[in-house]
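Hi everyone, thanks for coming. I'd like to walk you through a protein model this morning, so please have a look at the screen.

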Amino acid sequence: MTLSEPVRLSKRMAELGLCSRREADVYIENGWVRVNGTPAVLGQKVSPNDRIDLDKRAHQQQAQRVTILLNKPVGFVSGQPEKNYRAAAELISEANRWQGDHSRIDFQPQHLRGLAPAGRLDIDSVGLLVLTQDGRIAKQLIGEHSNSEKEYLVRVRGNLSEQGLALLNHGLSLDGEALRPAKVTWQNADQLRFILKQGKKRQIRRMCELVGLRVVGLKRVRIGRVRLGNLPEGQWRYLAPNERF
(Lines give C-alpha, C1' and ligand atoms only; values in the text may rest on other atoms or scores of the structure.)
Protein backbone atom coordinates (compact mmCIF):
# COMPACT_ATOMS: atom_id res chain seq x y z
CA MET A 1 0.00 0.00 0.00
CA THR A 2 1.40 3.41 -0.96
CA LEU A 3 1.25 6.43 1.31
CA SER A 4 -1.30 8.10 -0.97
CA GLU A 5 -3.63 5.10 -1.24
CA PRO A 6 -6.99 5.69 0.52
CA VAL A 7 -7.56 3.89 3.83
CA ARG A 8 -10.59 3.47 6.07
CA LEU A 9 -11.40 6.61 8.00
CA SER A 10 -11.38 4.78 11.35
CA LYS A 11 -7.88 3.46 10.66
CA ARG A 12 -6.64 6.91 9.67
CA MET A 13 -8.12 8.46 12.82
CA ALA A 14 -6.31 5.87 14.94
CA GLU A 15 -3.04 6.52 13.08
CA LEU A 16 -3.41 10.24 13.82
CA GLY A 17 -3.95 9.48 17.51
CA LEU A 18 -7.45 10.97 17.52
CA CYS A 19 -9.00 7.85 19.06
CA SER A 20 -9.05 4.07 18.71
CA ARG A 21 -10.65 2.44 15.66
CA ARG A 22 -13.59 1.27 17.73
CA GLU A 23 -14.12 4.76 19.12
CA ALA A 24 -13.84 6.20 15.62
CA ASP A 25 -16.71 4.05 14.39
CA VAL A 26 -18.86 5.22 17.31
CA TYR A 27 -18.03 8.87 16.64
CA ILE A 28 -18.76 8.47 12.92
CA GLU A 29 -22.07 6.77 13.68
CA ASN A 30 -22.97 9.60 16.07
CA GLY A 31 -22.26 12.18 13.38
CA TRP A 32 -19.30 13.62 15.29
CA VAL A 33 -16.73 13.33 12.47
CA ARG A 34 -16.33 15.51 9.39
CA VAL A 35 -14.01 14.97 6.44
CA ASN A 36 -13.18 18.16 4.56
CA GLY A 37 -16.20 19.75 6.20
CA THR A 38 -18.66 17.00 5.20
CA PRO A 39 -20.22 14.54 7.70
CA ALA A 40 -18.44 11.19 7.52
CA VAL A 41 -20.07 7.80 7.02
CA LEU A 42 -19.09 4.35 8.29
CA GLY A 43 -16.68 2.57 5.97
CA GLN A 44 -15.58 5.79 4.28
CA LYS A 45 -12.04 5.91 2.91
CA VAL A 46 -9.76 8.93 3.09
CA SER A 47 -6.42 10.09 1.71
CA PRO A 48 -3.54 11.57 3.75
CA ASN A 49 -4.38 15.10 2.60
CA ASP A 50 -8.02 14.93 3.74
CA ARG A 51 -8.86 17.09 6.76
CA ILE A 52 -10.54 15.21 9.61
CA ASP A 53 -12.37 17.15 12.32
CA LEU A 54 -13.87 15.86 15.57
CA ASP A 55 -17.00 17.44 17.00
CA LYS A 56 -16.63 19.04 20.44
CA ARG A 57 -18.93 16.32 21.83
CA ALA A 58 -16.31 13.70 20.98
CA HIS A 59 -13.62 15.77 22.70
CA GLN A 60 -15.85 16.19 25.75
CA GLN A 61 -16.43 12.44 25.93
CA GLN A 62 -12.70 11.78 25.67
CA ALA A 63 -11.96 14.29 28.43
CA GLN A 64 -14.23 12.35 30.80
CA ARG A 65 -12.33 9.10 30.33
CA VAL A 66 -9.85 8.13 33.01
CA THR A 67 -6.63 6.18 33.24
CA ILE A 68 -5.69 4.38 36.44
CA LEU A 69 -2.25 3.35 37.67
CA LEU A 70 -2.22 0.28 39.91
CA ASN A 71 0.64 -1.32 41.82
CA LYS A 72 -0.41 -4.89 41.08
CA PRO A 73 0.38 -7.50 43.74
CA VAL A 74 1.27 -11.15 43.12
CA GLY A 75 -1.76 -13.40 42.64
CA PHE A 76 -3.86 -11.06 40.49
CA VAL A 77 -4.25 -11.38 36.72
CA SER A 78 -4.13 -8.34 34.47
CA GLY A 79 -7.23 -9.16 32.43
CA GLN A 80 -10.31 -11.28 33.06
CA PRO A 81 -10.43 -13.55 36.14
CA GLU A 82 -9.08 -17.04 35.48
CA LYS A 83 -8.33 -20.27 37.35
CA ASN A 84 -9.76 -18.95 40.61
CA TYR A 85 -7.52 -15.88 40.49
CA ARG A 86 -8.96 -12.39 40.84
CA ALA A 87 -8.66 -9.69 38.22
CA ALA A 88 -6.47 -6.71 39.09
CA ALA A 89 -9.39 -4.40 38.24
CA GLU A 90 -11.19 -5.68 41.35
CA LEU A 91 -8.71 -3.65 43.41
CA ILE A 92 -10.08 -0.40 41.97
CA SER A 93 -12.42 0.97 44.61
CA GLU A 94 -12.71 4.27 46.43
CA ALA A 95 -11.57 2.66 49.67
CA ASN A 96 -8.43 1.29 48.01
CA ARG A 97 -7.33 4.56 46.42
CA TRP A 98 -3.89 5.83 47.47
CA GLN A 99 -4.08 8.79 49.82
CA GLY A 100 -1.13 10.34 47.99
CA ASP A 101 -3.15 10.71 44.77
CA HIS A 102 -2.94 14.43 43.87
CA SER A 103 -4.83 14.23 40.56
CA ARG A 104 -7.88 16.09 41.98
CA ILE A 105 -10.16 13.67 40.12
CA ASP A 106 -13.26 12.64 42.07
CA PHE A 107 -13.91 8.91 42.02
CA GLN A 108 -17.08 7.99 40.10
CA PRO A 109 -18.59 4.50 39.62
CA GLN A 110 -18.64 5.10 35.85
CA HIS A 111 -14.84 5.18 35.92
CA LEU A 112 -14.98 1.39 36.26
CA ARG A 113 -16.94 0.92 33.03
CA GLY A 114 -14.90 -0.10 30.03
CA LEU A 115 -11.70 -0.05 32.08
CA ALA A 116 -9.18 -2.29 30.31
CA PRO A 117 -5.50 -3.13 30.89
CA ALA A 118 -3.08 -1.41 28.50
CA GLY A 119 -0.45 -4.12 28.70
CA ARG A 120 -0.15 -6.99 31.11
CA LEU A 121 1.80 -8.28 34.06
CA ASP A 122 1.73 -12.02 34.66
CA ILE A 123 0.26 -13.39 37.85
CA ASP A 124 3.67 -13.80 39.54
CA SER A 125 4.82 -10.24 38.76
CA VAL A 126 4.19 -6.97 40.59
CA GLY A 127 4.36 -3.29 39.83
CA LEU A 128 2.89 -0.71 37.50
CA LEU A 129 -0.23 -1.77 35.62
CA VAL A 130 -2.20 0.71 33.50
CA LEU A 131 -5.98 0.40 33.26
CA THR A 132 -7.67 2.86 30.92
CA GLN A 133 -10.96 3.88 29.33
CA ASP A 134 -9.05 5.88 26.71
CA GLY A 135 -8.35 4.11 23.42
CA ARG A 136 -5.68 6.68 22.54
CA ILE A 137 -3.61 5.70 25.56
CA ALA A 138 -4.11 1.99 24.90
CA LYS A 139 -2.87 2.47 21.34
CA GLN A 140 0.13 4.47 22.53
CA LEU A 141 1.17 1.80 25.02
CA ILE A 142 0.30 -1.48 23.30
CA GLY A 143 -0.56 -0.61 19.70
CA GLU A 144 1.17 -2.35 16.83
CA HIS A 145 3.63 0.52 16.40
CA SER A 146 4.05 1.39 20.08
CA ASN A 147 7.51 2.62 20.98
CA SER A 148 6.91 3.15 24.71
CA GLU A 149 9.62 1.94 27.06
CA LYS A 150 8.75 -0.39 29.93
CA GLU A 151 11.26 -0.68 32.77
CA TYR A 152 11.55 -3.65 35.13
CA LEU A 153 13.65 -4.70 38.11
CA VAL A 154 14.26 -8.44 37.87
CA ARG A 155 15.73 -10.59 40.63
CA VAL A 156 17.45 -13.67 39.23
CA ARG A 157 19.31 -16.82 40.23
CA GLY A 158 22.04 -18.46 38.20
CA ASN A 159 25.28 -17.41 36.55
CA LEU A 160 25.26 -14.87 33.73
CA SER A 161 28.27 -14.57 31.46
CA GLU A 162 29.23 -11.42 29.56
CA GLN A 163 28.03 -13.16 26.41
CA GLY A 164 24.71 -13.94 28.10
CA LEU A 165 24.27 -10.30 29.11
CA ALA A 166 25.04 -9.23 25.54
CA LEU A 167 22.38 -11.65 24.25
CA LEU A 168 19.80 -10.24 26.66
CA ASN A 169 20.46 -6.83 25.13
CA HIS A 170 20.19 -8.08 21.55
CA GLY A 171 20.34 -11.41 19.79
CA LEU A 172 17.60 -13.59 21.29
CA SER A 173 14.48 -14.90 19.56
CA LEU A 174 11.12 -16.02 20.93
CA ASP A 175 8.35 -17.82 19.05
CA GLY A 176 10.52 -17.85 15.94
CA GLU A 177 10.86 -14.06 15.92
CA ALA A 178 13.96 -11.99 16.67
CA LEU A 179 13.40 -9.72 19.66
CA ARG A 180 13.83 -5.98 19.41
CA PRO A 181 16.97 -4.60 21.11
CA ALA A 182 16.63 -4.14 24.88
CA LYS A 183 18.66 -2.37 27.55
CA VAL A 184 19.71 -4.83 30.25
CA THR A 185 22.20 -3.95 33.00
CA TRP A 186 23.08 -5.18 36.46
CA GLN A 187 21.28 -3.24 39.20
CA ASN A 188 23.04 -5.09 42.03
CA ALA A 189 24.52 -8.54 42.71
CA ASP A 190 21.32 -10.48 42.02
CA GLN A 191 19.07 -8.00 40.23
CA LEU A 192 18.92 -6.90 36.59
CA ARG A 193 17.28 -3.81 35.12
CA PHE A 194 15.39 -4.45 31.87
CA ILE A 195 14.11 -1.71 29.55
CA LEU A 196 11.96 -3.10 26.73
CA LYS A 197 9.90 -1.68 23.89
CA GLN A 198 7.82 -4.79 23.30
CA GLY A 199 5.79 -7.14 25.45
CA LYS A 200 5.60 -10.76 24.43
CA LYS A 201 3.96 -13.16 26.88
CA ARG A 202 6.31 -13.77 29.84
CA GLN A 203 9.06 -12.25 27.72
CA ILE A 204 11.58 -11.43 30.45
CA ARG A 205 11.23 -14.80 32.17
CA ARG A 206 11.71 -16.62 28.86
CA MET A 207 14.67 -14.42 27.88
CA CYS A 208 16.35 -15.22 31.18
CA GLU A 209 15.76 -18.95 30.73
CA LEU A 210 17.55 -18.79 27.37
CA VAL A 211 20.75 -17.55 29.07
CA GLY A 212 20.57 -19.90 32.06
CA LEU A 213 18.86 -17.66 34.61
CA ARG A 214 15.74 -18.19 36.70
CA VAL A 215 13.57 -15.21 37.59
CA VAL A 216 12.56 -15.15 41.27
CA GLY A 217 11.06 -11.66 41.32
CA LEU A 218 9.86 -9.20 38.69
CA LYS A 219 8.61 -5.65 39.24
CA ARG A 220 7.62 -3.08 36.61
CA VAL A 221 8.66 0.39 37.75
CA ARG A 222 8.08 2.61 34.72
CA ILE A 223 6.02 2.91 31.53
CA GLY A 224 7.16 5.71 29.24
CA ARG A 225 7.58 8.80 31.43
CA VAL A 226 5.28 7.54 34.19
CA ARG A 227 6.94 5.89 37.18
CA LEU A 228 5.53 3.64 39.88
CA GLY A 229 7.11 5.90 42.48
CA ASN A 230 5.80 5.56 46.03
CA LEU A 231 2.46 4.00 45.08
CA PRO A 232 1.92 1.22 47.67
CA GLU A 233 1.42 -2.35 46.51
CA GLY A 234 -2.26 -3.15 46.00
CA GLN A 235 -3.30 0.52 45.78
CA TRP A 236 -4.04 2.79 42.81
CA ARG A 237 -4.18 6.38 41.67
CA TYR A 238 -5.42 8.33 38.66
CA LEU A 239 -3.14 9.47 35.87
CA ALA A 240 -3.14 13.22 36.47
CA PRO A 241 -4.26 15.60 33.70
CA ASN A 242 -0.70 16.94 33.33
CA GLU A 243 0.95 13.49 33.13
CA ARG A 244 1.95 11.97 29.80
CA PHE A 245 3.35 8.56 28.96
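I'll start with the domains, then go to a charged patch, and finish with two backbone angles.

Please keep in mind that this is a predicted model. The domain assignment splits the protein into domain 1, residues 7-63, domain 2, made of 65-145 + 226-238, and domain 3, covering 150-223. So how far apart are the C-alpha centres of domain 1 and domain 3? They lie 40 Å apart.

Now to the surface. Which residues gather in a patch of positive charge there? They are Arg8, Arg21, Lys45 and Lys139. Let me pick out Arg8, which sits in strand β1, residues 7-8. With a relative accessible area of 42%, Arg8 is partly exposed. That value fits its place in the patch, because patch members need over 30% relative accessible area.

Next, the backbone. Asp175 is not a glycine, yet its phi is positive, at about 55°. You can find Asp175 in the loop that links β12 (173-174) and β13 (177-178). Is Asp175 buried or exposed? Its relative accessible area is 58%, so Asp175 counts as exposed.

Arg202 is another residue other than glycine with a positive phi, this time near 50°. Look for Arg202 in the loop between β15 (191-196) and α6 (203-210). Arg202 has 36% relative accessibility and therefore counts as partly exposed.

That's my tour. Thanks for listening, and I'm happy to go back to any of these spots on the screen.

Conventions:
Residues are numbered from 1 along each chain as its sequence is written. This is a predicted model: local features need pLDDT of at least 70, side-chain atom pairs count only at pLDDT 80 or more; totals for chains, interfaces and linings use all residues. Side-chain values use heavy atoms; hydrogens and water are left out. Patches are made of residues with over 30% relative accessible area and no salt bridge: like charges are joined within 9 Å, nonpolar side chains (Val, Leu, Ile, Met, Phe, Trp, Tyr) within 5 Å. Accessible areas come from the Shrake-Rupley method with a 1.4 Å probe; for residues, only the protein chains shown count as cover. A salt bridge is a side-chain nitrogen of Lys or Arg within 4 Å of a carboxyl oxygen of Asp or Glu. Lys and Arg count as positive and Asp and Glu as negative; His and the chain ends are not counted. The place of a charge is taken as NZ of Lys, CZ of Arg, CG of Asp or CD of Glu. Helices (H or I, at least four residues) and strands (E, at least two) are DSSP runs, numbered from the N terminus. Buried means under 20% relative accessible area, exposed over 50%, partly exposed in between (1.4 Å probe, protein chains only). Domain bounds come from an automatic or database domain assignment.
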